[in-house]
Amino acid sequence: MKLLYFAKIREILGRSDETISLPSNILSAGDLIDYLMDLDDIYKTAFSDKKFFIAADEEFVEMDFIIKNSKEIAIFPPVTGG
Amino acid sequence: MIKIRIQSEAFNIENEIKEISRSKLNGATVSFIGSVRDLKSENLKNLEIEHFPKMAEKVLDKTAQYAFKNWNLSQCTIIHRYGKLKVADPIVLIITSSPHRKEAFKANEYIIDFLKTNAPFWKKENTEKRSYWVNQKN
């Protein structure tokens with residue numbers, strides 16, 4: 001699965017995207033966040049303040065969204081455009 | 001007609017308004033321009049705008065489509081810039097046209113308010129001393 005990061009989260013992680021293979025027990029967007037946070041402390045730093053949004057294939061989704069059929073998951077801070 | 005552009009280069013406001021108000025259906029055209037403002041405590045060197053291209057395009061398009069139907073617009077233009085901008089540079093342009101002014105005003109306000117909280121753009125302020133990401137305000 002392809003993961004995309006933007007803005008402050010991209011800077012903390014030091015990368016704008018990566019491709020990872022997820023274990024079969026990772027079902028929801030929330031599971032993915034927990035999985036990443038267990039994987040490496042850098043994700044804990046990026047996500048621990050819980051100030052982030054998730055988009056699956058360019059649509060905002062909640063933490064309980066099932067990501068099985070998604071091609072691309074983007075994780076980013078609250079938007080500040082306009 | 002809906003026109004959506006996401007670009008780094010400046011836009012020509014006069015040309016955009018001329019283009020939209022040429023239609024015979026437009027009794028009212030409202031334009032909103034959001035620009036880079038200086039900071040109170042220190043001088044802003046530049047403002048960097050990052051975006052998620054594919055999703056930003058989708059969100060702007062959906063927002064325009066919704067406003068178009070909901071307020072009976074005849075035309076709607078949204079242009080949002082990205083990259084490094086300086087103080088007073090325009091960031092976003094929203095033009096809404098409709099037969100009557102109330103709809104054009106309401107639609108325009110809806111679009112900018114919605115974009116502020118839903119369109120994937122992020123601002124980073126660079127001053128002489130530091131750089132930081134802008135926090136979301138209501």
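Biologist: What makes the four strands β5-β3-β7-β8 of chain B an open sheet, and which way do they pair?

Modeller: Those four strands follow one another in that order, and the pairing is antiparallel. The sheet ends at β5 (83-85) and β8 (131-133) of chain B, the edge strands, each of which pairs on one side only. Direction ignored, neighbouring strands of this sheet are turned by 25° against each other on average. Bear in mind that this is a predicted model: local features need pLDDT of at least 70 and side-chain atom pairs count only at pLDDT 80 or more, while totals for chains, interfaces and linings use all residues. Residues are numbered from 1 along each chain as its sequence is written, and chains are lettered from A and ligands numbered from 1 in the order in which they are written.

Biologist: How do you know that β3 and β7 of chain B really pair?

Modeller: Two strands pair if DSSP finds at least two bridges between them. Seven bridges join β3 (residues 44-51) to β7 (residues 121-127) in chain B, so the pair qualifies. For a landmark, look at B:Glu50, which stands opposite B:Trp122 in β7(B).

Biologist: And what counts as a strand or a helix in chain B?

Modeller: Both are DSSP runs numbered from the N terminus: H or I over at least four residues for a helix, E over at least two for a strand. Chain B has three helices and eight strands, in the pattern β-α-β-β-α-β-β-β-α-β-β along the sequence.

Biologist: Why are α2(B) and α3(B) called roughly antiparallel?

Modeller: Helix α2 (residues 53-70) and helix α3 (residues 101-118) of chain B pack at an angle of about 155°, with their axes 10 Å apart. Axes are lines fitted to C-alpha atoms, for helices over the stretch in contact, and angles run from 0 to 180 degrees between N-to-C directions. Under 35 degrees is roughly parallel, 65 to 115 roughly perpendicular, over 145 roughly antiparallel, and the rest oblique. That puts α2(B) roughly antiparallel to α3(B).

Biologist: Which residues of α2(B) and α3(B) meet there?

Modeller: On the α2(B) side, B:Val59, B:Thr63, B:Ala64 and B:Ala67 meet α3(B) residues including B:Tyr110, B:Phe114 and B:Asn118. Contact here means C-beta atoms, placed from the backbone, within 7 Å. By class, the contact of α2(B) with α3(B) has eight nonpolar, two polar and no charged residues. Ala, Val, Leu, Ile, Met, Phe, Trp, Tyr, Cys and Pro count as nonpolar, Asp, Glu, Lys and Arg as charged, and the others, Gly among them, as polar.

Biologist: Why is chain A called as compact as a globular protein of its length?

Modeller: The globule rule is 2.2 Å times the number of residues to the power 0.38, and the radius of gyration is taken over C-alpha atoms. For 82 residues the rule gives 12 Å and chain A has 12 Å, so the description fits. Chain B has 16 Å against near 14 Å for a compact globule of 138 residues, which agrees.

Biologist: What is the strand order of the sheet in chain A?

Modeller: Five strands make an open sheet, β2-β1-β5-β3-β4 (chain A), with mixed pairing. Its edge strands are β2 (17-19) and β4 (59-61) of chain A. Strand β1 (residues 2-5) and β2(A) are antiparallel over three bridges, and A:Lys2 stands opposite A:Thr19 in β2(A).

Biologist: How many residues of chain A are in contact with chain B?

Modeller: 13 residues of chain A are in contact with 21 residues of chain B. The elements of chain A that give two or more residues to that side are α1 (7-13) and β5 (72-76).

Key
Two residues are in contact if their C-beta atoms, placed from the backbone, lie within 7 Å.
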